[in-house]
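Trainee: Hello! Could you show me how to read helix packing and cavities in a model like this one?
Mentor: Gladly, let us look together.

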Amino acid sequence: MSETAINPEEAAQEGSFRARHALLKRLADVVSLPASRINAFERAVTGDLLVEMLRLASPEERRRVAARLAPLAELPNALTRMLLRDDPEIAGLLIEQCASLSDADLVACARDATTEHRFLMASRRSLSEVVTETLMSFGETHVIEAVLRNGTARLSQTAVEGVVSLSRQEPQLCNPILKRPELRPSGAYVMFWWCGAEDRRTILQRFAVSREVMQEVSEDVFAMAAAENWQDPVSRKALQFIERRQRNRAAIAKSPYGGLEEAVAAAAQRGLNREVATEIAYLSGVKPVTGAKILGDPGGEPLAILCKATGLGKGDLTNLWRSMRRPETTVDGSVHPAWERVQVTYDMLAVDRAQTVLRYWNWSLSSALTPALLRAIRDGEEDGMDNYSAPERAAMLALAENFGR
């Protein structure tokens, strides 16, 4: 026998594999026929047979079939389910190219397949809110980041709030979530407390909104509320958020310092202690817990927001900075980067916009702090956050570190 001769058994085996390859191709062609050539039942039966063959086929054969079927406008359900749960390089052909996949197909794949499948799915065009919420529910940071960077994907508010919460432990999510059109100011303001310098600048540039329209439409309501002696707590709280005046006149009348500037000057001379810090908070029209959060922030930008919102000048800002013993220069004599950021923040913000940020912080960090919420913050009750209002959820996130979590 010559060296090129083929053993009859090998020839039979090779022939059978050629037959399998041909049959897989033909059945895939049948499934691909237009509705004018094959009815839905025939397509389904052909699909069932193709599924049975693919169970025993090699990965390369399954890949060829997936590539053939990916452009189709209609696929048998059994075939779709099988291929979507195949190896990522095979399932990816459908995930990336098959426009006929329904939300139900994608959600089932996300739940039943692997993190590699979910990562591939995160970049698919035109993902719906249902699909993105499912993808994000696994808490896989690289998948969530891929979804956030997918400009054609749509996010539900539930998913956005979940990312805002997660970004406290996963800071790489801050930048992509800040670029999403679904993010609302409430989420951005609470993220401010743990964002880096550049992301904080983005938040102030994009989300520090004016209250001018609200002030115009409610101008006459202030007189109505005053005539009622401010007895309605609902309207009183809303009007306090809207009004132009930031400083607390009643606190100024009672203050031993005579005004906010004097309290700041005293802090600069003697150093910032609890008593003076509390007084500065009251004079600024915010609660002590809000003032403590602002004065204790390591970045310093909230200090600039407090000063701009209350009408304090740059000299007062310098006094406050010095009262906290924060550095103004580096060892070589140049302006310290943190102090420079604080001054830039002060210069970039209009008074009205700074007041919006400050009042939202005060609203969420103080008015929302009920005894039940304080217990929830201490106990880490994030699973039940849907039971709380937007400012309550903001307080849970922003103050979690202050309660040792």
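Trainee: Which helix gives the most to the lining of the largest cavity?
Mentor: A good place to begin, keeping in mind that this is a predicted model. To read a lining, ask which elements supply its residues. Here H20 gives the most, with three residues. H19 and H20 each supply at least two residues of that lining.

Trainee: How many cavities of 30 Å³ or more does a search of the whole structure find?
Mentor: The search finds one. The volume of the largest cavity is about 30 Å³.

Trainee: Which residues line the largest cavity, and how do they divide by class?
Mentor: The lining is made up of Ile 280, Ala 281, Ser 284, Val 286, Gly 291, Ile 294, Leu 295 and Leu 306. Six of the lining residues are nonpolar and two are polar, with no charged ones.

Trainee: Now the helices themselves. At what angle do H19 and H20 pack?
Mentor: For a pair of helices, read the angle together with the distance between axes. H19 covers residues 274-283 and H20 covers residues 288-295; they pack at about 115 degrees, with axes 8 Å apart. The two helices are therefore roughly perpendicular to each other. H19 passes H20 in a right-handed crossing. On the H19 side, the contact is made by Ala 277, Thr 278, Ala 281 and Tyr 282, and on the H20 side by Pro 288, Gly 291 and Leu 295. By class, that contact has five nonpolar residues, two polar and no charged.

Trainee: May I try another pair? How do the axes of H18 and H22 cross, and within what distance do they come?
Mentor: H18 (residues 260-270) and H22 (residues 314-323) have axes that cross at roughly 35 degrees and come within 8 Å. The crossing of H18 past H22 is left-handed. Glu 261, Val 264, Ala 267 and Ala 268 of H18 make the contact with Asp 316, Asn 319, Leu 320 and Ser 323 of H22.

Trainee: And what classes of residue does the contact of H18 with H22 have?
Mentor: It has four nonpolar, two polar and two charged residues.

Methods:
Residues numbered from 1 in each chain as written. Predicted model: local features only at pLDDT ≥ 70, side-chain atom pairs only at ≥ 80, totals over all residues. Heavy atoms only, no water. Axes fitted to C-alpha atoms, helices over the stretch in contact; angles between N-to-C directions. Helix = DSSP H or I, 4+ residues; strand = E, 2+ residues; numbered from the N terminus. Parallel < 35°, antiparallel > 145°, perpendicular 65-115°, else oblique. Left-handed = near helix turned anticlockwise from the far one by under 90°. Contact = heavy atoms within 4.5 Å. Nonpolar A, V, L, I, M, F, W, Y, C, P; charged D, E, K, R; others polar. 1 Å grid on protein atoms, 1.4 Å probe; cavity = no way out; pocket = protein on both sides within 12 Å on 5 of 7 lines; lining within 4 Å. Points joined across faces, edges and corners; volume = space filled by probe spheres on them.
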